[in-house]
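This report describes the fold and selected contacts of one protein chain. The sequence and the model are shown first.

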Amino acid sequence: TDSGGFQVFSLAEPNEEDGPEMKSRAKRVGKEGSKNSASLLRIGERGALFRSYHDGSSIELTPESSVAAQKSLGSDIIIPLDELPPYHVTRERLQQSVRL
């Protein structure tokens, strides 16, 4: 099973740091019609915090919870949570991602 790293990456709103592969992502429109409805709230060393599309509650996905979910599914191969930086980032930004 997969850790969900790409799925977390895909929840973020498009921004100026995105590479060409992500530029086609459309801005999401919230229930009230606002364009500021990103599902991804924060990424950090502890994991990712995102908003549920179902009920709007906050959900934290950590490396530990990712592995626990994969174990509960009976996975044969388990991938820990990872970050997926765009391919065009600076060396410093890539090193930061590896340290996470």
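At 17% relative accessibility, Ser75 falls below the 20% limit and therefore counts as buried. The model is a predicted one, and Ser75 sits in its loop between helix H2 (63-72) and helix H3 (91-99). The side chain of Ser75 reaches back to the backbone oxygen of Gln70, at 2.9 Å. Apart from residues up to four places away in sequence, Ser75 touches Thr1 and Gln70.

**Overall arrangement**

The protein chain has 3 helices and 3 strands. Read from the N terminus, its elements follow the order α-β-β-β-α-α. Of the 100 residues in the chain, 31% are buried. Among contacts with a separation of 6 or more, 36% are between residues 24 or more positions apart.

**The sheet**

The strands form an open sheet of 3 strands in the order E1-E2-E3, with antiparallel pairing. E1 and strand E3 (58-61) are the edge strands, each pairing on one side only. From one strand to the next, the twist averages 15°. In general, strands of a sheet pair through backbone hydrogen bonds, in either a parallel or an antiparallel manner.

Strand E1 (residues 40-44) and strand E2 (residues 47-51) run antiparallel and are joined by 4 bridges. The hairpin that links E1 to E2 passes through 2 residues. E2 and E3 also run antiparallel, and 4 bridges join them. The hairpin formed by E2 and E3 has 6 residues between the strands, and Gly56 in that turn has a positive phi of about 80°.

Several residue pairs across the sheet are listed below.

| Residue | Opposite residue | Strand of the opposite residue |
|---|---|---|
| Arg42 | Leu49 | E2 |
| Leu49 | Glu60 | E3 |
| Arg51 | Ser58 | E3 |

Leu49 thus appears in two rows: it stands opposite Arg42, and its bridge partner in E3 is Glu60.

**Burial in and around the strands**

How many of the 5 residues of E2 are buried? The count is 4, and E2 is mostly covered. Ala48 has contacts that reach well along the sequence: leaving aside neighbours within four places, Ala48 is in contact with Val8, Leu40, Arg42, Ile43, Ile59, Glu60 and Leu61. Ala48 also belongs to the largest nonpolar core, whose 7 residues are Val8, Ala12, Leu40, Ala48, Phe50, Leu61 and Leu81. As a general matter, nonpolar side chains in soluble globular proteins tend to be buried together.

Leu41, in strand E1, is not a buried residue. Its relative accessible area is 38%, between the limits of 20% and 50%, so Leu41 counts as partly exposed. Beyond residues up to four places away in sequence, Leu41 touches Leu49, Phe50, Arg51 and Ser58. Leu41 and Leu11 are 30 residues apart in sequence, and their C-alpha atoms are 9.0 Å apart.

**The salt bridge**

Which residue forms a salt bridge with Glu60? The partner is Arg46, and the closest N and O atoms of the pair are 3.1 Å apart. Glu60 lies in strand E3 and Arg46 in the loop between E1 and E2, so the salt bridge ties together parts that are 14 residues apart in sequence. The structure holds 1 salt bridge. Side chains of opposite charge can, in general, pair when their charged atoms come close.

The two partners fall into separate accessibility classes. Glu60 has a relative accessible area of 33% and is partly exposed, whereas Arg46, at 54%, is over the 50% limit and so counts as exposed. Glu60 is also the bridge partner of Leu49 and one of the residues in contact with Ala48.

**The loop between E2 and E3**

Tyr53 lies in the loop between E2 and E3. Is Tyr53 buried or exposed? With 78% relative accessibility, Tyr53 is over the 50% limit and therefore counts as exposed. Tyr53 and Ser39 are 14 residues apart in sequence, with a C-alpha to C-alpha distance of 7.2 Å.

Note on methods
Residues are numbered from 1 along each chain as its sequence is written. This is a predicted model: local features need pLDDT of at least 70, side-chain atom pairs count only at pLDDT 80 or more; totals for chains, interfaces and linings use all residues. Side-chain values use heavy atoms; hydrogens and water are left out. Two strands pair if DSSP finds at least two bridges between them. Buried means under 20% relative accessible area, exposed over 50%, partly exposed in between (1.4 Å probe, protein chains only). A polar contact is a pair of N or O atoms within 3.5 Å; within protein, one must be able to donate a hydrogen and the other to accept it, and residues adjacent in sequence count only if both atoms are side-chain atoms. Contact means heavy atoms within 4.5 Å. Axes are lines fitted to C-alpha atoms, for helices over the stretch in contact, and angles run from 0 to 180 degrees between N-to-C directions. A nonpolar core is a set of buried Ala, Val, Leu, Ile, Met, Phe, Trp, Tyr and Cys residues joined through side-chain atoms within 4.5 Å. A salt bridge is a side-chain nitrogen of Lys or Arg within 4 Å of a carboxyl oxygen of Asp or Glu.
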